[in-house]
Amino acid sequence: MIPQEINECNIASVVLKEISMLVLLLFLTIPITFMQIQNHSLNSIENLVLILFIFTSLILGFKSWHLHFDALLLKNLAKGKFDTLDIDNAIYRVFGKKIEHKNLNDRIQACYKQISSYCICLILHTFLFVGINLWLLIHL
């Protein structure tokens, strides 16, 4: 690998790892929500919103794990521990995707595209958290 590719891998690795750490938001939002709904009886629409909140939590957790996994792969690629064939085999074993014959720039761009869906899920989760808590505060 040339130094520019190593630099791109290191930058992408740091960006993906730091964005995946936003999942720590779940450790605040989930307990707070469940502590507040503990003494409330919820109707069917409120239960549906709560299920959607839990569903976005699960999706956010899995997407965060995926971003963190990609960050580790890119970091090890930059250090020279792996080559692209090893990464192709690892991704095939974990995710069942065949991504052979893609250059490094395409792989990094694919990782950056995952960030947009991650951010959409994070915004939806935060919106549901705020909505549930405002609803509970209004109906105390």
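A residue is called buried when its relative accessible area is under 20%, exposed when that area is over 50%, and partly exposed in between. The structure described here is a predicted model, and the report below uses these classes for residues in its helices.

**Helix H1 and its neighbours**

Leu16, a residue of helix H1, has a relative accessibility of 0% and therefore counts as buried. Lys17 also belongs to helix H1, which covers residues 3–20, but with a relative accessibility of 37% Lys17 counts as partly exposed. Each of these two residues can be paired with a residue that lies 50 positions away in sequence: Leu16 with His66, at a C-alpha to C-alpha distance of 9.5 Å, and Lys17 with Leu67, at a C-alpha to C-alpha distance of 6.8 Å. Leu67 is part of helix H3, and because its relative accessible area is 1%, Leu67 is classed as buried. Lys17 also takes part in a surface patch of positive charge, in which it gathers with Lys75, Lys79 and Lys81.

**Helix H3: an aromatic pair and a nonpolar patch**

A pair of aromatic rings is described by the distance of the centres and the angle of the planes. The structure holds one such pair, formed by Trp65 and Phe69, whose ring centres are 5.6 Å apart and whose planes make an angle of 25°, so that the pair is stacked, the cut-off for this class being planes under 30 degrees apart. Both residues lie in helix H3, which spans residues 44–79, and they are four residues apart, or about one turn of the helix. Their surroundings are nevertheless classed separately: Trp65 has a relative accessible area of 44% and is therefore partly exposed, whereas Phe69, with a relative accessible area of 16%, is buried.

A nonpolar patch on the surface is formed by Phe34, Ile54, Leu58 and Phe62, which together have about 390 Å² of accessible area. Helix H3 supplies the largest share of this patch, namely three residues. Phe62, a member of the patch that is found in helix H3, has a relative accessible area of 60% and so counts as exposed.

**Pairs of residues separated along the chain**

The table collects C-alpha pairs with their separation in sequence and their distance in space.

| Pair | Separation in sequence | C-alpha to C-alpha distance |
|---|---|---|
| Leu16 and His66 | 50 residues | 9.5 Å |
| Lys17 and Leu67 | 50 residues | 6.8 Å |
| Gln38 and Arg93 | 55 residues | 41 Å |
| Thr33 and Phe129 | 96 residues | 7.2 Å |

Two of these pairs deserve a further word. Thr33 is placed in helix H2, which runs over residues 26–36, and because its relative accessibility is 0%, Thr33 counts as buried; its C-alpha atom is separated by 7.2 Å from that of Phe129, although the two residues are 96 residues apart along the chain. Arg93, by contrast, lies in helix H4, residues 84–95, and with a relative accessibility of 68% Arg93 counts as exposed. Between Arg93 and Gln38, which are 55 residues apart in sequence, the C-alpha to C-alpha distance is 41 Å.

Methods:
Residues are numbered from 1 along each chain as its sequence is written. This is a predicted model: local features need pLDDT of at least 70, side-chain atom pairs count only at pLDDT 80 or more; totals for chains, interfaces and linings use all residues. Side-chain values use heavy atoms; hydrogens and water are left out. Patches are made of residues with over 30% relative accessible area and no salt bridge: like charges are joined within 9 Å, nonpolar side chains (Val, Leu, Ile, Met, Phe, Trp, Tyr) within 5 Å. Accessible areas come from the Shrake-Rupley method with a 1.4 Å probe; for residues, only the protein chains shown count as cover. A salt bridge is a side-chain nitrogen of Lys or Arg within 4 Å of a carboxyl oxygen of Asp or Glu. Lys and Arg count as positive and Asp and Glu as negative; His and the chain ends are not counted. The place of a charge is taken as NZ of Lys, CZ of Arg, CG of Asp or CD of Glu. Helices (H or I, at least four residues) and strands (E, at least two) are DSSP runs, numbered from the N terminus. Buried means under 20% relative accessible area, exposed over 50%, partly exposed in between (1.4 Å probe, protein chains only). Rings of Phe, Tyr and Trp (its six-membered ring) pair if their centres lie within 6.5 Å; planes under 30 degrees apart count as stacked, over 60 as edge-to-face and the rest as tilted.
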